[in-house]
Amino acid sequence: MDLERGGGGGYLDLGKKKGSWRTVVTLAYQSLGVVYGDLSTSPLYVYKNTFAEDIEHSETNEEIYGVLSFVFWTITLVPLLKYVCIVLRADDNGEGGTFALYSLLCRHARVGFLPNGQLADEELSTYKNMDGGGAAARPGSAVAASKVKKLLEKHQVLQHLLLILALIGACMVIGDGVLTPAISVFSAVSGLELSMSREQHKYVEVPVACAILVALFALQHFGTHRVGFLFAPIVVTWLICISAIGVYNIFHWNPHVYQALSPYYMYKFLKKTQRGGWMSLGGILLCITGSEAMYADLGHFSQLSIQIAFTSMIYPSLILAYMGQAAYLSKHHIIESDYHIGFYVSVPEKLRWPVLAIAIMAAVVGSQAVITGTFSIIKQCSALSCFPRVKIVHTSSKVHGQIYIPEINWMLMTLCLAVTVGFRDTKRLGNASGLAVITVMLVTSCLMSLVIVLCWHKSIIFAVCFIVFFGSIETLYFSASLIKFLQGAWVPIALSFIFMIIMYVWHYGTLKKYEIDLQNKVSIDWLLGLGPNLGIVRVRGIGLIHTELVSGIPAIFSHFVTNLPAFHQVLVFVCIKSVPVPYVRQEERFLVGRVGPKEHQVYRCIARYGYRDVRGDDIEFEKDLVSSIAEFIRFDISHASGTPERPEKSNDNMTVVGAGLRLCCEEEMDPDDAAGPSNSREIQIQSPVVRRKKVRFVLPESHPHIDAGQREELQELMKAREAGMAFIFGHTELKAKSGSGLIKRFAIDIGYDFLRRNCRGPAYALNIPHASTLEVGMVYNV
């Protein structure tokens, strides 16, 4: 074994993306394929759903102009004004989405339910977010923010409501992941109805749509990075196509259709159609499906790039497309065919087949983005203990955030095929999709109003104006969608209800498990009292005791030692926990401290991850863990001698360990390589045992002289690492106490127990091989 001196490493700055205009324009172009695929395909089904049954054509153009006016102002007010101008500024260190807003609120008001939080977490560089509101807050606004904060922290009922609100938003996003691929692909394929007879069409449309959906989900495990370069060109081609068709229809059929942009036509529309017009708003709502993706995918691009892409390409293309369809319909009040009004009837007949092909590709791209977004939201929920552990596969080592979850993928495919075959028309699919979309927007508005007060420190009046203005618009659309409960809107409600129960039961069980672990932990004095009288034997290697506790000795370890009186020469209590930030910098990830005196060689290591962090495989985690302990030993000794190398942040005897010593493991070591480079200094430490692998610590160039104590402790650590590592997990089973209420018994004995038995275990979720794990069974009555 040896200690080798080498150069220090760097880290990737995952903060807000800053770059030249060329970088911003490139990101804006790439965002077209990832962010706007769903929004750009909405012209395929908006008019078809709006005019389906609720309103009918008349000899005048009042209905057509009224629908166009509603579409124009809805796109202008919600995606453009709300998201592009306001919501995008509420980023959590560059990240967006429902959980980004909830994370901001948790940090500013302490309303989160993560049980093992520490004061040291608040010292993370990503914990303190910059003021997204722009101007400095006024003293009166700070007082208002303080009052709201105290109100939320005082009443636990409000904290539960806030969590439920965030979970509802997450559940509706999952529901959208089922419905959007179905309606997008089905609407694109519906163009076949104008090229074949009705008898042929009804036997072809559904099988073709299902075949495309199966292929779409079957290719998910390859990752989007393999074909992602095609996404932006497909969407750009589609946008140019619908814009050109829109311009042609405007000038060819009705150049005066621009008059419909006046809000006066909305009033005339509702006055004439009354209840039917109000119900048709559920179809008009579909023109903004995919708007939430602008905020949810903020972390992959930048605020400016998304704003540029929307204002320069998406917004004008959509407006021209809808105006073109309205111009065509205004001159064709009686459709000669028996089919409902759709996008393809306004396409010139010679262009229908090429447009059909482009539309199908654009629908696939839009569906891909929604599916990937569903994977991301489930990963965030799992990181915050709100979803059972699932297998997460990172499909790209270069692109941050591209993941694949096999269980969720096949579940989404099954549900997507079920609603496609079950509904067989875009009307009911549109009713279902519209309710899911508008619910997510309502949740965003509610959370955003709190962010305005608590995080931006703006006046309550501004927050009230925001929620009243946008909330009233979204409530109007929500009511129009909810009234169609029996016509398809029940699907997202049913899906959300099921996922809501799963999330809340898992979250409740996780909290109860942590509470019982906290009550049954043993003191450090008990560990220090273990001695030869009890027959305790120290065996070679490193033992990693996995626990959720950030202090004290977990009961699983006392249970383990009582039944098997032996543990490893180096013992580490490992806590892998989530913190309410999007990511944790590598140099701030580990908190390390001693448990007992130095000669016991017992450590506590807390690994902190954000809700968007990518967790490495078991080999990388082992290297990082051992390196952090070695760096702690180096700092701890130099600190004890009175010559600390750098200022460190400590909390409860835990030290933040940054980049320093790096661990290198090799199966074999060539003698020439063992000498190292000429400008490096090595300390040779011979091991008396036969080694299975070569272990080296690479020291930074600025490292001072290594004293004897440091050398000895690092030697013991390297010997233990060469001997191997073992992971000890608790296999905890919860049982409701006799006399518990019906709801508690259902949640613990049926719900949580079923999920625990049928979902991934902690070892699998951490990518730890079964040969290196040992589970200790415990049964608790709660």
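Which residue in E13 is the bridge partner of Ile545? In E13, that partner is Ile728, and the pairing is described below together with the other strands of the protein. The structure is a predicted model, in which local features need pLDDT of at least 70 and side-chain atom pairs count only at pLDDT 80 or more, whereas totals for chains, interfaces and linings use all residues. Residues are numbered from 1 along each chain as its sequence is written, and side-chain values use heavy atoms, with hydrogens and water left out.

The secondary structure of the protein comprises 25 helices and 14 strands, where helices (H or I, at least four residues) and strands (E, at least two) are DSSP runs numbered from the N terminus. Of the 782 residues in the protein, 57% are buried; buried means under 20% relative accessible area, exposed means over 50%, and partly exposed lies in between, with a 1.4 Å probe and protein chains only. The accessible surface comes to about 32600 Å², and 61% of this surface belongs to carbon and sulfur atoms, the areas having been obtained by the Shrake-Rupley method with a 1.4 Å probe, with only the protein chains shown counting as cover for residues. Among the contacts in the protein with a separation of 6 or more, 85% are accounted for by residues 24 or more positions apart, a contact being defined by heavy atoms within 4.5 Å.

Several of the strands are joined by parallel pairing, where two strands pair if DSSP finds at least two bridges between them. Strand E4 (residues 537-546) pairs with E5 in the parallel sense over 8 bridges, and Gly543 has Leu571 as its bridge partner in E5. Strand E4 also pairs with strand E13 (residues 725-735), again in the parallel sense, over 4 bridges; here Leu544 has Phe727 as its bridge partner in E13, while Ile545 has Ile728. Strand E13 is in turn joined by 9 bridges to strand E14 (residues 773-781), and these two strands run parallel, with Thr773 in E14 as the bridge partner of Phe727. Phe727 is thus bridged to Leu544 and to Thr773.

Strand E5 (residues 566-578) is mostly covered, as 13 of its 13 residues are buried. Besides its pairing with E4, strand E5 is joined by 8 bridges to strand E7 (residues 602-609), which runs parallel to it, and Ile576 stands opposite Ala607 in E7. Phe567 is found in strand E5 and counts as buried because its relative accessible area is 6%. Although Phe567 and Ile536 are 31 residues apart in sequence, their C-alpha atoms are 7.6 Å apart in space. In a regular strand the side chains alternate between the two faces of the sheet.

Among the helices, H5 (residues 98-109) and H16 (residues 426-454) pack at an angle of about 30 degrees, with their axes 10 Å apart; axes are lines fitted to C-alpha atoms, for helices over the stretch in contact, and angles run from 0 to 180 degrees between N-to-C directions. The crossing of H5 and H16 is left-handed, a term applied if the near helix is turned anticlockwise from the far one by less than a right angle. The contact is made by Thr98, Leu101, Leu104, Leu105, His108 and Ala109 of H5 together with Val443, Thr444, Leu447, Met448, Leu450, Val451 and Leu454 of H16. These residues divide into 10 nonpolar, 3 polar and no charged, where Ala, Val, Leu, Ile, Met, Phe, Trp, Tyr, Cys and Pro count as nonpolar, Asp, Glu, Lys and Arg as charged, and the others, Gly among them, as polar. Thr98, found in helix H5, counts as buried because its relative accessibility is 5%. When residues up to four places away in sequence are not counted, Thr98 touches Ala166, Glu292, Val443 and Leu447.

Three loop residues complete the description. Most residues other than glycine have a negative phi. Ser385, in the loop between helix H14 (352-383) and strand E2 (393-394), has a positive phi of about 60 degrees although it is not a glycine. Arg424, in the loop between helix H15 (406-423) and H16, likewise is not a glycine and has a positive phi of about 65 degrees; with a relative accessible area of 48%, Arg424 is partly exposed. Phe229, in the loop between helix H8 (198-218) and helix H9 (231-253), is exposed, with a relative accessible area of 59%, and its C-alpha atom is 8.3 Å from that of Gln30, although the two residues are 199 apart in sequence.
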